[in-house]
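Biologist: Thanks for sitting down with me. Could we go through this one together, with the reasoning behind each label?

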Amino acid sequence: MTERDDIDVLAGEYVLGTLDAAERAAVSARRLREPALAAAIEAWERRLGPLTETVPPAAPPEGLLARIETRIGAPTGEGMQRFLALERRTRRWRRVAIAASALAACLLVVIGLRELSRPQMAKTYVAVFQKDDTSPAFLLTVDLDTRVLSVQAVAAEPQPGKSYQLWIASDKQGGAPQSLGLIEAKSESTRRALAKYDRAIVERATFGISLEPAGGSPTGRPTGPAFHARLIETTR
Amino acid sequence: MGERGEVPLAGTTGFALSKSVNATAGTLVALMHRVAARDRQAFAALYTATSAKLYGIVLRILQRRDIADEVLQEVYVQIWERAGLYDVTKAAPITWMAAIARNRALDEVRRKKPLSIEDAPEALNLASDEAHPLDRMEQSEQLQRLRQCLERLESDRREVVLLAYREGMSREALGQRFARPPATIKSWLRRSLLQLRDCLSQ
């Protein structure tokens, strides 16, 4: 029995539905971090999917759509996907950014805002860096438990002879931006450990990205046009 | 595409092609994109086009309308939330949606006490074997192909696969039904799955 067979059988039983509750839960968790298993599951969903054509349809009760629409209209956070939260908040943030863009000019504008904390949730925070009023340029996520930050360039053009630089500013540390290093505009993701900043600082800090001469700011402070963002808690 | 309705597969688990999604796959893809863009009208249209199929799927597994009602709501909430993650290159929209529905229903049914043989699928008597021309030739061909591969399995093993997939029967319930220990069912499943995989990749 090869390893591939083992994965395919596990994925096949998952899709077939014959795993018990504990096994299902384990596979559900593993598929999120094991691409080979996730791909094997998707392959079985495609292979066996045609069988659903042979299941007689049944009319759901009247009024179910209205109940669903109520539920999606008033999200409670429960089961909310991080992507959705991000997307919705991106839009809200865009409006703020448009309003603020006149003020932003060449400054790192500091807006620190911490939403109500929900302690039972995983503490992941997201910030959206706005290049202009149409598309986010960078997405930043912070996992507060591990204090690992990652920045993803979404629509940031690499600028010849320039570098993007990431900053953190905290009132608790005097409010002046401190460099967190340069960001590769091309790479998928830049990660930084924030171990030297404690949790309370990270949680309330404001992050900024500025466009600097190649190699970073010569002064140790942001000198070029900056994008600014606040951290927003997401539910997962 | 001649013999639709009747199929040479075992009795209680015989195939019956069903009235399902009337929208074409292309329409569903367009709707999915609009749903991903938070278009509520598109979401309502998607629900209208697909809810009978998904309800049929979850009801078949859960066998109780009250539970199926709740699960179907959760399924569509998930579809709304995850629409942005739908990848047209990986699966047809209905395949993706059906996978969400089956997963949710299976999670639910596995959390509960396994159904005994007395509560077997016939209890709900859902079947309505009306033959119906499929709108999507492509899907039909996939089903034809799957059927050919299923027919190569021994009949007991084929029935196990179908009862598991469509009725959501657990290994224990299947063991009862076929008078075998669950471990035997597990080894049947293992062989059947590998055989199916290899047959479908030919």
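Modeller: In chain A, 64% of the contacts with a separation of 6 or more come from residues 24 or more positions apart. This is a predicted model, by the way.

Biologist: What is the corresponding percentage in chain B?

Modeller: For chain B, residues 24 or more positions apart make up 69% of the contacts with a separation of 6 or more.

Biologist: Which secondary structure elements does each chain have?

Modeller: Chain A comes to 6 helices and 9 strands. Chain B has 8 helices and 0 strands, and its elements run α-α-α-α-α-α-α-α from the N terminus.

Biologist: How much of each chain counts as buried?

Modeller: In chain A, 33% of the 236 residues count as buried. Buried residues make up 39% of the 202 residues in chain B.

Biologist: How do you know which elements of chain A have the lowest and the highest confidence?

Modeller: By mean pLDDT: helix 5 of chain A has the lowest among the elements of that chain, at 44, and helix 1 of chain A the highest, at 96. Over residues 93-122 of chain A the pLDDT is below 50, and this stretch has 41 contacts in the model beyond near neighbours in sequence. Residues 132-136 of chain A are also below 50, with 11 such contacts. For chain A as a whole, the mean pLDDT is 71, and 63% of its residues reach 70 or more.

Biologist: How many residues does each chain bring to the contact between A and B?

Modeller: Chain A gives 40 residues and chain B gives 58 residues. On the chain A side, at least two residues each come from helix 1 (3-16), helix 2 (21-33), helix 3 (35-48), helix 4 (64-73) and helix 5 (82-104). That side of chain A divides into 20 nonpolar, 7 polar and 13 charged residues.

Biologist: Let's turn to a helix pair. Why is helix 3 of chain B called oblique to helix 4 of chain B?

Modeller: Helix 3 (residues 65-82) and helix 4 (residues 93-111) of chain B pack at an angle of about 135°, with their axes 9 Å apart. Roughly perpendicular covers 65 to 115 degrees and roughly antiparallel begins over 145. The angle of about 135° falls in neither range, so helix 3 of chain B is oblique to helix 4 of chain B. Helix 3 of chain B passes helix 4 of chain B in a right-handed crossing.

Biologist: Which residues make that contact?

Modeller: Among them are B:Ile67, B:Val71 and B:Glu74 from helix 3 of chain B, and B:Met97, B:Ile100 and B:Arg104 from helix 4 of chain B. By class, the contact has 8 nonpolar, 1 polar and 3 charged residues.

Biologist: What makes B:Arg38 partly exposed?

Modeller: A residue is buried at 20 or more neighbours and exposed at 12 or fewer. B:Arg38 has 16 C-beta neighbours inside 10 Å, so it counts as partly exposed. B:Arg38 lies in the loop between helix 1 (25-36) and helix 2 (40-62) of chain B, and has a positive phi of about 70° although it is not a glycine.

Biologist: And why is B:Ala179 called exposed?

Modeller: B:Ala179 has 7 C-beta neighbours inside 10 Å, and 12 or fewer is the cut-off, so it counts as exposed. B:Ala179 sits in the loop between helix 7 (171-178) and helix 8 (182-200) of chain B.

Biologist: What is its phi?

Modeller: Phi of B:Ala179 is near 55°, a positive value in a residue other than glycine. Most residues other than glycine have a negative phi.

Conventions. Residues are numbered from 1 along each chain as its sequence is written. Chains are lettered from A and ligands numbered from 1 in the order in which they are written. This is a predicted model: local features need pLDDT of at least 70, side-chain atom pairs count only at pLDDT 80 or more; totals for chains, interfaces and linings use all residues. Two residues are in contact if their C-beta atoms, placed from the backbone, lie within 7 Å. Helices (H or I, at least four residues) and strands (E, at least two) are DSSP runs, numbered from the N terminus. Ala, Val, Leu, Ile, Met, Phe, Trp, Tyr, Cys and Pro count as nonpolar, Asp, Glu, Lys and Arg as charged, and the others, Gly among them, as polar. Axes are lines fitted to C-alpha atoms, for helices over the stretch in contact, and angles run from 0 to 180 degrees between N-to-C directions. Angles under 35 degrees count as roughly parallel, over 145 as roughly antiparallel, 65 to 115 as roughly perpendicular and the rest as oblique. A crossing is left-handed if the near helix is turned anticlockwise from the far one by less than a right angle, and right-handed if clockwise. pLDDT is the predictor's confidence in each residue, from 0 to 100.
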